[in-house]
Amino acid sequence: MKNIFILIFLCPFLIIAQDDLLDEIDIETTDNQFSTAAFKGLKIVNFESTKLVAKQELTLIVSHRFGSVENGFDSFFGLDDAVTRLNFVYGISDGFNIGLSRSSFQKIYQTSFKYRLFRQQDNGFPFTIVGFNSVLINTALEKDNLPKIEFKNRLGYTTQLLISRKVNANFSYELAPTFFHDNYVQQNNQDNSQFAIGLGARHKLTKRLSINADYGWHLNRAKNSPFKNPLSIGIDLETGGHVFQMHFSNAQAMITNGFLGQATGDWSDGNIYFGFNLSRAF
């Protein structure tokens, strides 16, 4: 397991060495143009998209997820139980981003690395492939309830491969094989190391409006686990310098380990959460 973590941490830095080669490809390519704008937002809904922040650009993403709407006026359709995430993403280069975020869900701090491996070409390579790695710290775990807890128990890790294809001007899809690990899990019989496959798509409705959806298929969830696979549907509205995303999801958490490992909602009984992502580039 230690070897796996070492590989996870080294992978983003090894990719930087490929940037020069990718720059050369950009310059030399004349016939095979790169496809752009498979997704407008840095996220489809919950899952990361293959979009990256441009070089030397800082983007702030404010994500808000209300409580379950099934409680109606008792919680004003979830308003009383909302969680918020602030995420800053900076482009070291056009193909390498770093991020830092804080979520009120379990008071989680996260640092992330997102890096492009390959780009889709109109008459060449058929996919855009992007890697994503993150490390989180769960600061909500209390000593009073868990007297033996140590700092290492608060840590969690994520590794994803984001594979997207822009089929035409209106439709794009993504496949996201995912590994995530929590040093502390709530379920006694749940493996700390967990695996999932993400599926996402975007369909453009107008020049500035699209409908988006993503789904996470957990591959080794414990049999008696109360948690569900996350399904999320929403719309993207592009307005000038930012993208506004509104959506419904059965997961309130907005970090990968949370929405894949701890989604509690159920679409069949109306236990879903309304939310939005608002991104602004500086």
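Where in the chain is the place of S249? In this predicted model, S249 is found in strand β11, and its neighbourhood makes a convenient way into the fold as a whole. Some overall figures help to set the scene. The chain is built with three helices and 12 strands. Of its 282 residues, 48% are buried. The accessible surface amounts to about 14100 Å², and carbon and sulfur atoms account for 60% of that area. Among contacts between residues at least 6 apart in sequence, 58% join residues at least 24 apart.

To return to the starting residue, S249 counts as buried because its relative accessibility is 0%. Beyond its neighbours within four places in sequence, S249 is in contact with N46, R65, L231, S232, W267, I272 and Y273. One of these, Y273, is also the bridge partner of S249 in β12. That pairing belongs to a set of eight bridges by which strand β11 (residues 242-249) joins β12, the two running antiparallel. On another side of the pairing scheme, strand β12 (residues 273-281) pairs with strand β1 (residues 58-68), again in the antiparallel sense, over eight bridges. Here H64 stands opposite F276 of β12.

The surroundings of S249 also lead to strand β10. P230 and S249 are 19 residues apart in sequence, yet their C-alpha atoms are 7.0 Å apart in space. L231 lies in strand β10 (residues 231-239), and its C-alpha is 8.5 Å from that of F248, with the two positions 17 residues apart in sequence numbering. Leaving aside neighbours within four places in sequence, the contacts of L231 are D214, Y215, F248, S249, N250 and W267. How accessible is L231, with all these contacts, and is it buried or partly exposed? L231 is classed as partly exposed because its relative accessible area is 30%.

A second region of strand pairing involves β6, β7 and β8. Strand β6 (residues 155-166) and strand β7 (residues 171-182) pair in the antiparallel sense over nine bridges, and the two form a hairpin with four residues between them. Within this pairing, I163 stands opposite L175 of β7. β7 in turn pairs with strand β8 (residues 193-204), also antiparallel, over 11 bridges. Across that boundary, T178 has A196 in β8 as its bridge partner. As general background for reading such strands, side chains in a regular strand alternate between the two faces of the sheet.

Several residues from this region take part in the interior. The largest nonpolar core has 12 residues, namely F47, L52, V130, F132, L162, A176, F180, A196, A251, F259, L260 and A263. Two or more of its residues come from each of β5 (128-138), β7 and α3 (256-261). Apart from this core lies another, of six residues, including F113, L117, I129 and I163. L162, a member of the largest core, is in contact with E48, S49, T50, K114, T128, I129, V130, F132, E174, L175 and A176 once neighbours within four places in sequence are set aside.

Two of the contacts of L162, E48 and K114, are themselves partners in a salt bridge, with their closest N and O atoms 3.1 Å apart. E48 lies in the loop between α2 and β1 and K114 in strand β4 (residues 108-118), so this pair ties together parts that are 66 residues apart in sequence. Both partners are buried, E48 with a relative accessible area of 9% and K114 with one of 5%. How many salt bridges does a search of the whole structure find? The search finds two. In the other, the side chains of E238 and K40 meet at 3.6 Å, N to O. Because E238 lies in strand β10 and K40 in the loop between α2 (19-28) and β1, this pair ties together parts that are 198 residues apart in sequence. K40 is partly exposed, with a relative accessible area of 26%.

Finally, the outside of the model carries a nonpolar surface patch of about 620 Å², made by L58, L86, F88, Y90, I92, I98 and F282. Strand β2 (residues 83-93) supplies the largest share of the patch, four residues. I92 is located in this strand and is partly exposed, with a relative accessible area of 43%.

Methods. Residues are numbered from 1 along each chain as its sequence is written. This is a predicted model: local features need pLDDT of at least 70, side-chain atom pairs count only at pLDDT 80 or more; totals for chains, interfaces and linings use all residues. Side-chain values use heavy atoms; hydrogens and water are left out. Patches are made of residues with over 30% relative accessible area and no salt bridge: like charges are joined within 9 Å, nonpolar side chains (Val, Leu, Ile, Met, Phe, Trp, Tyr) within 5 Å. Accessible areas come from the Shrake-Rupley method with a 1.4 Å probe; for residues, only the protein chains shown count as cover. A salt bridge is a side-chain nitrogen of Lys or Arg within 4 Å of a carboxyl oxygen of Asp or Glu. Buried means under 20% relative accessible area, exposed over 50%, partly exposed in between (1.4 Å probe, protein chains only). Two strands pair if DSSP finds at least two bridges between them. A nonpolar core is a set of buried Ala, Val, Leu, Ile, Met, Phe, Trp, Tyr and Cys residues joined through side-chain atoms within 4.5 Å. Contact means heavy atoms within 4.5 Å.
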